[in-house]
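Here's a quick tour of a two-part job: what sits inside, and what sits where the chains meet. Have the viewer open while you read.

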Amino acid sequence: MKHSIQAGFAALVGLGICGAGAAQQPQNFDAVQIQAIPVRDNVYMLVGSGGNITMQVGADGILIVDTQYAPLSEKIVAAIRAISPKPIHYIVNTHHHGDHTGGNVGLRAAGNTVSGGNMAGAIRDSGVGAAIVAHENVLVRLSSATGPQALASAGWPTSTFFGDKKELYYNGEGIEIIHLPAAHTDGDSIVFFRRSDVIAAGDVYVTTSYPFIDTASGGSYQGFVSALERLVDIIIPVYGQDGGTLVVPGHGRVSNLGDVLNYREMVIVVGDRIKNMIEAGMTLEQVRAAKPTVDYDPVYGVRAGAADRFIEATYQSLSAPAGDAR
Amino acid sequence: MTGSCAVRIAVLASVCFAGPTFAQGNFAGVWNMTLTEDFPDRLPGPELGDYAGLPLNAADRARAQSWSASILSLPDYQCRVHPSDYANSFADFRMWYEIDTTTQQLVAIRMQHFAWNTTRAIWMDGRPRPHELAEHTSMGFSTGEWVGNTLKVTTTHLKEGWLRRNGVARSDAATVTEHFIRHGDHLTWSVFVQDPKYLEEPFFRNRDYTFAENGSIGAYPCESVVEVVLPEHGYFPHYLPGNNPFLIEFARNHKIPYEAAMGGAATMYPEYRKKLAELPPP
């Protein structure tokens, strides 16, 4: 069964539709409109089709987190230009899935890399487009993909990092790109805009569906829980669980601490149930039949197959020998 | 009446009644809860396993049955505020009017709840609702309108909350309609909750309050503290299905059939009394 789910994930990844908000049928991108939703100050959430884009604008230029699908790039650029004429200098990818990186080529080409003086010549592609920043594993995944859906090399990350995080200072604020290992994939990052107090979470947090744990790409249930707990640690609300640090999810609506806590609650409660069933010797089919997600299905299980995929990935992760979370 | 007098009255009337919407009912002041009414849902809170009279669906019931009061031991949950569709149930509140001093237009009616001192705005100036993907909060986004002297309030953009403080969830897809109705020094607050995810039918709640001439809202500071040592990773208190030992307490204590205590739309209606007689004792 492990092989079947991995094959399924691989197929979805190949089609660039493995994000939690991705449609599973060919989309008519002509009908998609890009909407810019103000998050706070100079940070916006761009919504179209695919993963949410977080955009930070300022005197220095524009930084965007994720790029949705390639056919939408012109519309995304137009939406950006409606807010600011400044150049796009940075693209940050939260992970490698096609609904978050498909527009890398087009959006990179619409910008340029920050350089100057004797560096202008040294950075050969500075005039070619914006810098694409991501964890090293994103580059590994994108560059090893084959087939017609594989992303052209012009859309691969140009600046990768290893370890816990990469830091930038741009548009008057510190930006932390924090790697969360083995969560949704093995290349996840969240992007924390420290002055704006906004986090772009990628698909380690969504409001529209159960977690999509891509075990074939190094994701795991345990890593997913750790990622949510890292988010909770960073978020400081104004009062109660409202306001303060805001979160742009990979898919869905702008969130605050209470929303992330509710999501973490669901992930842990369902995981505890599945763990208990595994300890009782139940097979995956028996666990599915026991419906461990039944109380959360109206909220997170609307998309066909979302609950089954979450149950299967969690079952795999929690059944794996210690040291092999997948 | 002379012609000139009639003209003056007409001019006066046009000044008085033209232009922006004026307040048609006066709710400003402090309103004290009526403690004798539905006491368990007021300060002390409901009993565990009491979902009677709530139109919750099977998914919401299952969720409530797994709920553990130990979540209050989690620092992140200690100062979690009541959502706006519940906060008035808990205790007293204050209402006041925000007027644009230049145009004299009523911009908003504001409220502060005693519970956690939360404040909310009921926008009366016709502003549009935020984008559906904008932030949702405990108070939500509320707009008001006058129906005679009754204030009708529609609230969206609520994040997940609860209908009863014992684990009965209300989803973030809910739309809440409230009516504030004043009868002299008494006020009736009615709440109508439509939740397509967790309710079989809309939920309706009434509460009554008394005007407090010299009333005040006390401070309600809340600071989270670590009260017990908890696991550091992946911990959230809950009961596994079929393992909650407290679900039967309410039914037994009040000699109500367990099935009735578990709620559902049918338990809201008078004719359910016929079915009660057919159900086994707890």
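The notes below cover the cores, the contact between the chains and one loop residue.

## The nonpolar cores

Keep in mind that this is a predicted model. Its largest nonpolar core has 88 residues, and the members that touch the most others are Val191(A), Ile199(A), Leu228(A) and Leu231(A). Helix α8 of chain A, residues 257-279, gives this core its largest share, 11 residues. There's also a second, separate core of 41 residues, with Phe27(B), Met33(B), Ala169(B) and Val193(B) among them.

If you'd like to zoom in, try Val191(A). Setting aside residues up to four places away in sequence, Val191(A) touches Thr54(A), Val65(A), Val92(A), Ile175(A), Ile177(A), Ile199(A) and Ala200(A).

## Where the chains meet

Across the interface, 29 residues of chain A are in contact with 27 residues of chain B. On the chain A side, α7 (221-234), α8 and α10 (297-300) each supply at least two residues. The largest share there, 10 residues, comes from α8(A). Sorted by class, that side has 12 nonpolar, eight polar and nine charged residues.

## A loop residue in chain B

Pro202(B) sits in the loop that runs between β10 (186-194) and β11 (203-212) of chain B. Is Pro202(B) buried or exposed? Neither quite fits: Pro202(B) is partly exposed, because 16 other C-beta atoms lie within 10 Å, while a buried residue needs 20 or more and an exposed one has 12 or fewer.

Beyond its neighbours within four places in sequence, Pro202(B) is in contact with Phe192(B), Val193(B) and Gln194(B). As for Ser138(B), it is 64 residues from Pro202(B) in sequence and 20 Å away in space, C-alpha to C-alpha.

Conventions:
Residues numbered from 1 in each chain as written. Chains lettered and ligands numbered in written order. Predicted model: local features only at pLDDT ≥ 70, side-chain atom pairs only at ≥ 80, totals over all residues. Core = buried A, V, L, I, M, F, W, Y, C linked by C-beta atoms within 7 Å. Helix = DSSP H or I, 4+ residues; strand = E, 2+ residues; numbered from the N terminus. Contact = placed C-beta atoms within 7 Å. Nonpolar A, V, L, I, M, F, W, Y, C, P; charged D, E, K, R; others polar.
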